[in-house]
Amino acid sequence: MPPGGGGPMKDCEYSQISTHSSSPMESPHKKKIAARRKWEVFPGRNKFFCNGRIMMARQTGVFYLTLILILVTSGLFFAFDCPYLAVKITPAIPVVGGILFFFVMGTLLRTSFSDPGVLPRATPDEAADLERQIDITNGASSGGYRPPPRTKEVIINGQTVKLKYCFTCKIFRPPRASHCSLCDNCVERFDHHCPWVGNCVGKRNYRFFYMFILSLSLLTVFIFAFVITHVILRSQQTGFLNALKDSPASVLEAVVCFFSVWSIVGLSGFHTYLISSNQTTNEDIKGSWSNKRGKENYNPYSYGNIFTNCCVALCGPVSPSLIDRRGYIQPDTPQPAAPSNGMSAYGATPSQSDMCDQDQCIQSTKFVLQAAATPLLQSEPSLTSDELHLSGKPGLGTPCASLTLGQPTPPSSLPNLTTEAGLTDILPLKEEHVGHQFLTPEEAPSPPRLLAGSPLAHSRTMHVLGLASQDSLHEDSVRGLVKLSSV
């Protein structure tokens, strides 16, 4: 009943405090954390759109320029040239032009928005296991004064091929793979990084890249040829200058097509040669299979037939993506190993780890002092000066040497302990021990840096807690309280 004699007490609801929390700071009501996808923590320098469905390089400015040039040139052609050509020549001209335009845009977007064949990076466990294998394999030949070689040799169709170790991805790259410095990824069957499409060109998108440049060459030649035809037909009716005035867009289209057709057609011819010989741009530039390196040097990936090489490159199955960028991250799944940059595995610097160790040591010291001081204050309300001669009593100095190992020296302004007045000023009596304030971990003197869980720290803690005699425990607590009070 309430004090005033009012009505009955209202029912109150109490929330039970969770005692099974793993940490003091953990809330009893846990919030459900949404699962993250792998593209959100992808280590490479890429940009993702549409929830990871679109993957591009970080530098996409030139890609937008390519898109604008194709759209503007084709749009002007369909708007100003096709109506006249459909009437004067044939309506098939805009139809063929539209088919080429949509094929060019489809292959461009497919090349730019797809995974070129990125190889997943090694997890920390896989990287450590690989390092052990390298040390075991090259331990006898390294001699201890130089790092072991980071290459392996495999034989492919009778040709020896070296597999190089990637220090960023922590893997041995498979044959024909290379690390792209712009995207920061190892790409399978790496051809080159093309800024015009805003992506790397590799195993999974090379065929679409080739079809893009080939169809773009046809579209450029198609537009350029019929723009010239349009101008010639108009000039026959009204004169050349009047024809240019009547269709100024045709002039712009002709200029753009004239300066771009040479590079596009030349690039298409170069990649046609590469496909027919089953080579990559990277291998051709380096001269990996050139006869200049020796008569026995040949391309082990060629099928010896131009038709077969073209069919394999253009009609073979598309390999699946290996990075699973839209998959969910499992809580127990290890993340890829990042390049070593002086940080610990959890992102903390060594100084931060030392601070955590110091806090743990301070908490342990405070707990021991509190546990030891309680029986002393309850059983011994006062002490005589004979019991506190620090320099003369051997039993007091021996156990305290292990307790205060590494502690800072007390200040020189310590009061005289030979009188009972000075002792009562420092040590509280039985009825005053309730209000005694212990130092917080931040105010306490810093203990020596001991790694949490190390054998040395464990042995010292067990030595303090394992004191058998009650006198030794009381003497240790007196020494600790004296030092804390003096500080």
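Which residue's side chain meets that of Lys38 in a salt bridge? In this predicted model, the partner is Asp324, and the N to O distance between the two side chains is 3.5 Å. The contact joins distant parts of the chain, for the two residues are 286 residues apart. Lys38 belongs to the segment before strand 1, which spans residues 46-49. Asp324, in turn, sits in the loop between helix 8 (306-315) and helix 9 (350-379). Asp324 has a relative accessible area of 40% and is therefore classed as partly exposed. Lys38 is likewise partly exposed, because its relative accessibility is 32%.

The salt bridge between Asp324 and Lys38 belongs to a set of seven in the model. Two further members of this set may now be considered.

One of them is formed by Glu283 and Arg176, whose side chains meet at 2.8 Å, N to O. Glu283 is part of helix 7 (residues 281-286), whereas Arg176 lies in the loop between strand 5 and strand 6 (178-180); the pair therefore ties together parts that are 107 residues apart in sequence. Are these two residues buried or exposed? Glu283 has a relative accessible area of 7%, so it counts as buried. Arg176 is also buried, with a relative accessible area of 15%, because the cut-off for that class is under 20%.

The other salt bridge remains within one helix. Asp129 pairs with Arg132, and their closest N and O atoms are 3.5 Å apart. Both residues lie in helix 3 (residues 124-142), where a spacing of three residues corresponds to about one turn of the helix. Asp129 is partly exposed at a relative accessible area of 33%, and Arg132 is partly exposed at 49%. The value for Arg132 falls in the partly exposed class because a residue counts as exposed only over 50%.

The loop that holds Arg176 follows strand 5 in the description above, and its other end is strand 6. Strand 5 itself belongs to an open sheet. How many strands form this sheet, and in what order? Three strands take part, in the order 3-4-5, with antiparallel pairing. Strand 3 (151-156) and strand 5 (171-172) are the edge strands, each of them pairing on one side only. Strand 4, residues 159-166, pairs with strand 5 in the antiparallel sense over two bridges. Within this part of the sheet, Cys166 stands opposite Ile171 of strand 5.

Definitions and conventions
Residues are numbered from 1 along each chain as its sequence is written. This is a predicted model: local features need pLDDT of at least 70, side-chain atom pairs count only at pLDDT 80 or more; totals for chains, interfaces and linings use all residues. Side-chain values use heavy atoms; hydrogens and water are left out. Two strands pair if DSSP finds at least two bridges between them. Helices (H or I, at least four residues) and strands (E, at least two) are DSSP runs, numbered from the N terminus. A salt bridge is a side-chain nitrogen of Lys or Arg within 4 Å of a carboxyl oxygen of Asp or Glu. Buried means under 20% relative accessible area, exposed over 50%, partly exposed in between (1.4 Å probe, protein chains only).
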